[in-house]
Structure formats: C-alpha cells, structure tokens
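The following exercises concern a single protein chain. Each sets a task and then works through the solution step by step.

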Amino acid sequence: MGWFSVCKVSYVKPDAPFSAKVDDKRIGIYLVDGEYFAMEDICPHANALLTQGFVDGETVECPLHGALFDVRTGQCLREPGDRDLVTYPVRINGDQIEIDLAVE
C-alpha cells in the first residue's frame with residue numbers, strides 16, 4: 001500500500017491524539033516525547049476508538065472497558081484488550097504526518 005499522508009503535525013498534541021481513516025483502516029496518531037507513533041485506533045475488545053480514551057505519556061486506555069495499550073509498540077498492557085495492536089512506521093514530510101500501511 002505504501003505511504004499515506006494522514007494529517008498536519010499541528011493536529012496532534014501529547015494529550016490529544018488524532019484519529020484518521022486511511023482506506024478502510026482507523027489509525028490513531030500519537031505524540032510522545034516529541035516523536036510520532038501510529039497504531040490501530042479500534043480497541044479489539046469493544047470496537048471503541050482509542051483516540052477518545054485517556055492518554056498518559058506512552059499509553060492509552062480504552063474509553064469503554066479500560067484496556068491499556070502502549071502507543072509505541074501496540075502491546076496490550078492490561079486486559080480486556082484481547083491482543084496487541086498493529087503499529088505503523090511514521091515519517092514527517094514538511095508539515096504532514098505520513099504512515100506506511102505496507103507493514104501488515
């Protein structure tokens with residue numbers, strides 16, 4: 001699939017991730033310690049948008065049932081997350097954040 005532009009860098013704040021739809025995928029873009037990360041935005045347990053959850057540094061908590069994920073690695077840190085999430089490479093091109101969907 002390759003690289004896709006998802007948003008401007010100004011759209012992402014440390015406590016306010018950005019939710020993007022690329023093709024048929026929902027992707028969350030996070031800013032942690034000056035670095036951008038992208039991972040699936042749908043909690044596999046309850047189909048909730050993780051970008052609407054509670055962000056604390058490098059983790060996001062699902063707004064419905066409290067599953068906890070590491071936004072850097074996609075690792076499920078607390079159930080009921082059911083599984084780790086797919087993460088995507090991120091690059092900055094001018095003022096745009098791009099992600100590579102070819103990694104799946």
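**Exercise 1.** In this predicted model, identify the residues in contact with Val 60, leaving aside its neighbours within four places in sequence.

*Solution.* Step 1: the contacts on the N-terminal side of the chain are Tyr 30, Met 39, Leu 50, Gly 53, Phe 54 and Val 55. Step 2: the list is completed by Ala 67, Leu 68, Phe 69 and Val 71. Step 3: Val 60 is also among the residues with the most contacts inside the largest nonpolar core, together with Tyr 30, Met 39, Leu 50 and Phe 69. That core has 15 residues. Two or more of its residues come from β3 (25-32) and likewise from β4 (35-40). Step 4: a second, separate core has 14 residues, including Ile 27, Leu 31, Ala 38 and Leu 101.

**Exercise 2.** Determine whether Val 6 is buried or exposed, and describe its surroundings.

*Solution.* Step 1: Val 6 belongs to strand β1, which covers residues 3-8. Step 2: its relative accessibility is 14%; buried means under 20%, so Val 6 counts as buried. Step 3: beyond its neighbours within four places in sequence, Val 6 is in contact with Phe 18, Ala 20, Val 22, Ile 29, Ile 97 and Ile 99. Step 4: for one of these, Val 22, the separation is 16 residues in sequence, with a C-alpha to C-alpha distance of 7.4 Å.

**Exercise 3.** Give the strand order of the open sheet of 4 strands, and explain why one side of β2 and of β9 is left without a neighbour in the sheet.

*Solution.* Step 1: the order is β2-β3-β4-β9, and the pairing is antiparallel. Step 2: β2 (18-22) and β9 (87-88) each have a single partner strand because they stand at the edges, so one side of each lacks a neighbour in the sheet. Step 3: the antiparallel pairing of β4 with β9 runs over 2 bridges. Ala 38 stands opposite Tyr 88 in β9.

**Exercise 4.** Classify the aromatic pair formed by Tyr 11 and Phe 18, and locate the charge over the face of Trp 3.

*Solution.* Step 1: a pair of aromatic rings is described by the distance of the centres and the angle of the planes. Step 2: the count comes to 1 aromatic pair. Tyr 11 and Phe 18 form it, with 5.7 Å centre to centre and 35° between the planes, and the pair is tilted. Step 3: Tyr 11, at 45% relative accessibility, counts as partly exposed; Phe 18, at 23%, also counts as partly exposed. Step 4: Arg 91 lies over the face of Trp 3, 4.1 Å from the ring centre.

Definitions and conventions: Residues numbered from 1 in each chain as written. Predicted model: local features only at pLDDT ≥ 70, side-chain atom pairs only at ≥ 80, totals over all residues. Heavy atoms only, no water. Phe/Tyr/Trp six-rings, centres within 6.5 Å; stacked < 30°, edge-to-face > 60°. Buried < 20%, exposed > 50% of the residue type's maximum accessible area, 1.4 Å probe, protein only. Lys NZ or Arg CZ within 6 Å of the ring centre and 35° of its normal. Core = buried A, V, L, I, M, F, W, Y, C linked by side-chain atoms within 4.5 Å. Contact = heavy atoms within 4.5 Å. Pairing = 2+ DSSP bridges.
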